[in-house]
Amino acid sequence: MNCLSESGTCQAIAQQNPSVKRSRKQHCSFKQITRNVLERVTKRPPASLLHQHQQLNSRKVSRKHVTCHASQLSGPGAWGEAGDKNVVLVADIGGTNCRFVLWRLDLQNENHERLFSKVYPTKDYITFEHALDALASEPAFKKDTPGAAAFACAGPVLDNKCVMTNLDWVIDGASLTMKYGIRMAVLNDFEACGYGVPALQPEDLLVLNNVPARQKGPKGCMGPGTGLGQANLYWSENFGGYRVWPSEGAHASFAPRGWKQRALQTHVERQLGYCEVEHVCCGSGLQRIYEFLQTDEHCARPDLDLTMQKTAAEISKTAIDNSDQLAVEAVDLFLALIGAEAGHMGLRSLASGESTYVALLEKIKLGGVLDSYLHEKSRFNKLLKTFPLYVVLNEGLGLLGTREYAIRLVQTPEVCK
């Protein structure tokens, strides 16, 4: 049996060099890995856009506060005049916080230096530009002004512009580039994870299906969390590396295997009207699976409490400490579904690697993910066996990918957003 976690920022499975071996980090405590990752999978989703809007309107923001930020707004091209091409700014922008990191690049040795980082609560800033200007007032920023920037945003991105899903912000890369005088790119948060995959090191990976990878072959990336993020990576000679194409494949119809999964599908359809992959392969999906198992006849499980309501976090916790066998069963089924979807991604793109965020439960084997991934009864089992499968242990995958894209802005701006 197995258990998993999120995107977000969780861990992942990805194609890498076939020579990757298990590192010392892979022998760290599975329980600790699980706890860290499951916090992301089972965390409560951010407030709705309406709720955020109400919060914004109801806040007592003093004129002094607003005026202070407005006075900091930079003039046209202000950063471009002082920007250092060897320094890049990256950010992870969610509904609650905006995390900025400033990096000095060492492109020759790839030994990049983290200069400065700071988290700004989004509720304190009316617009993203106000948060940017607050950052620009920091002494560390004035000392090392960036020459390019990339931002990972929790929301759909179209034409280098994101209207945030759970926040009343619009982040427009073209407008920001014009205003501040440096190239600025806007990425979807899971798109950023995809760009981080090729930069992963051997110690960031746990090998599940250790087979040779095809050079420049397609890669897949998926991460269960509040939802189920997916992206495909395809090699581009023009781009000089892997270009990431975000996917909404998680909203495809769920394809159950066996009677229990078909019964789960029926259970979800009765609740929601239909059943898609994400409905059973994310944090709330784990809770649905647990509730589905509770519908069993009491005579079939006389020693279990089939009435107790639990959140996804509680289900994960009691599965880890083995205090609730129903939770263990729910997590086992959950991971089997994740493994199956990883296999589906591999077949759709003929990927030589998959990437998904998975946490490992102590006392639960990895076989649940790998067995479902390989799907022994499938006609394409032999093909699936040729696709490498990895668990990514690096929790900073999104910021890593955002930095990699910012480096592209410095090196080859003509092929970027």
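Trainee: Leaving aside its neighbours within four places in sequence, which residues is Q294 in contact with?

Mentor: They are D305, L306, T307, M308, Q309 and L326; contact means heavy atoms within 4.5 Å. Do keep in mind that this is a predicted model, where local features need pLDDT of at least 70 and side-chain atom pairs count only at pLDDT 80 or more, while totals for chains, interfaces and linings use all residues. Residues are numbered from 1 along each chain as its sequence is written, and side-chain values use heavy atoms, with hydrogens and water left out.

Trainee: Where does Q294 lie, and what makes Q294 count as buried or exposed?

Mentor: Q294 sits in the loop between α11 and α12. Helices are DSSP runs of H or I with at least four residues, strands are runs of E with at least two, and both are numbered from the N terminus. The relative accessibility of Q294 is 9%. Buried means under 20% relative accessible area, exposed over 50%, and partly exposed in between, with a 1.4 Å probe and protein chains only. Q294 is therefore buried.

Trainee: How many residues are in the chain, and what percentage of them is buried?

Mentor: There are 417 residues, and 53% of them are buried. The chain has 16 helices and 13 strands.

Trainee: What makes α9 and α11 parallel or perpendicular to each other?

Mentor: The axes of α9 (residues 258-272) and α11 (residues 283-293) cross at roughly 105° and come within 10 Å. Axes are lines fitted to C-alpha atoms, for helices over the stretch in contact, and angles run from 0 to 180 degrees between N-to-C directions. Under 35 degrees counts as roughly parallel, over 145 as roughly antiparallel, 65 to 115 as roughly perpendicular, and the rest as oblique. So α9 and α11 are roughly perpendicular. Residues making this contact include L264, H267 and V268 of α9, and I289 and F292 of α11.

Trainee: And why is α11 called oblique to α13?

Mentor: The axes of α11 and α13 (residues 325-349) cross at roughly 125° and come within 9 Å. That angle fits none of the three named ranges, so α11 is oblique to α13. Among the residues in this contact are L286, I289 and L293 of α11, together with L326, A330 and F334 of α13.

Trainee: How do the residues of the contact of α11 with α13 divide?

Mentor: There are 11 nonpolar, no polar and 1 charged. Ala, Val, Leu, Ile, Met, Phe, Trp, Tyr, Cys and Pro count as nonpolar, Asp, Glu, Lys and Arg as charged, and the others, Gly among them, as polar.

Trainee: How do you know that K310 and D324 meet in a salt bridge?

Mentor: A salt bridge is a side-chain nitrogen of Lys or Arg within 4 Å of a carboxyl oxygen of Asp or Glu. For K310 and D324 the N to O value is 2.6 Å, so the pair qualifies. These partners are 14 residues apart, with K310 in the loop between α11 and α12 and D324 in the loop between α12 and α13. Both K310 and D324 are buried.

Trainee: What about D321 and K317: what is their N to O value?

Mentor: Their salt bridge has 3.7 Å from N to O, which is within the 4 Å cut-off. D321 has a relative accessible area of 35%, so D321 is partly exposed, whereas K317, at 55%, is exposed.

Trainee: How many salt bridges does the structure hold?

Mentor: The structure holds 13.
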